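Please open the model in your viewer and keep the selection panel at hand. The stops below are given in the order of the tour.

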Amino acid sequence: MSTAKVTISPEEFTFVKYDAAEIASIVTELAEQLELANPIRVIVDETTPLAKLSEEIDAASSDATITLHAESGALEDRKHPMSFSADVARESLGRILLRAHDRMRPDFADAPSDLDLTLEQNAAWDTYCAGRLARMGVRVNQQRWRYNHRNRFGFRDDVDAHFERIWAADDLGWDDLTS
């Protein structure tokens, strides 16, 4: 059971129809599933409809603070702009929280920061995280991630086999993921 302390910024949203308590509840649930006890900060930029996500960890330890950065579009109901979607948030925040979890493992010590990842590295890591989320019971659109993977690696049979291998994996290290 996780004892993660989750804080959300801003505490009250003024541009979008989001509820900080609902976001905190989702992150707490995900942290429990991942057995993360680290303090977690979620910073939502509600001033942009874009959907970029990134994470930071101040150290690779169980007491390090995990900071998740999300542009508001990453948590948005795609059919109702500026409105929150718990399913989208669970997938987006779960994916980036899995990255943070990976970064605390020694076999991810060589992974570049999120903002320094190549498009291919980002796509492979997204595939890996989305596959694990799906096995955790989070609703994930596998075809979306397959298409993203193909866009970065090509539309070929060997790329589809690569996708399937990463999607189905549970314990890859950084070198495994990028080879």
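The tour begins with a pair of strands and then turns to salt bridges.

The model is predicted, so local features need pLDDT of at least 70 and side-chain atom pairs count only at pLDDT 80 or more, while totals for chains, interfaces and linings use all residues. Residues are numbered from 1 along each chain as its sequence is written, and side-chain values use heavy atoms, with hydrogens and water left out.

Select strand S1, residues 6-9. Val6 and Ile8 point to one face and are buried (under 20% relative accessible area; exposed is over 50%, partly exposed in between; 1.4 Å probe, protein chains only). Thr7 and Ser9 point to the other face and are not buried. Strands (E, at least two residues) and helices (H or I, at least four) are DSSP runs, numbered from the N terminus.

Add strand S2, residues 40-45, which pairs with S1 in the parallel sense over 4 bridges (pairing requires at least two DSSP bridges). Ser9 stands opposite Ile43 in S2.

Next, select Arg99 and Asp126, which form a salt bridge with the closest N and O atoms 2.8 Å apart (a side-chain nitrogen of Lys or Arg within 4 Å of a carboxyl oxygen of Asp or Glu). Arg99 lies in helix H2 and Asp126 in helix H3, so the pair ties together parts 27 residues apart in sequence. Arg99 is buried at 3% relative accessibility, and Asp126 is buried at 6%. Extend the selection to Glu55, Arg95, Arg103 and Asp114, which are linked with Arg99 and Asp126 in a network of salt bridges.

Finally, select Asp87 and Arg139, whose side chains meet in a salt bridge (3.1 Å, N to O). Asp87 is partly exposed at 33%, whereas Arg139 is exposed at 62%.
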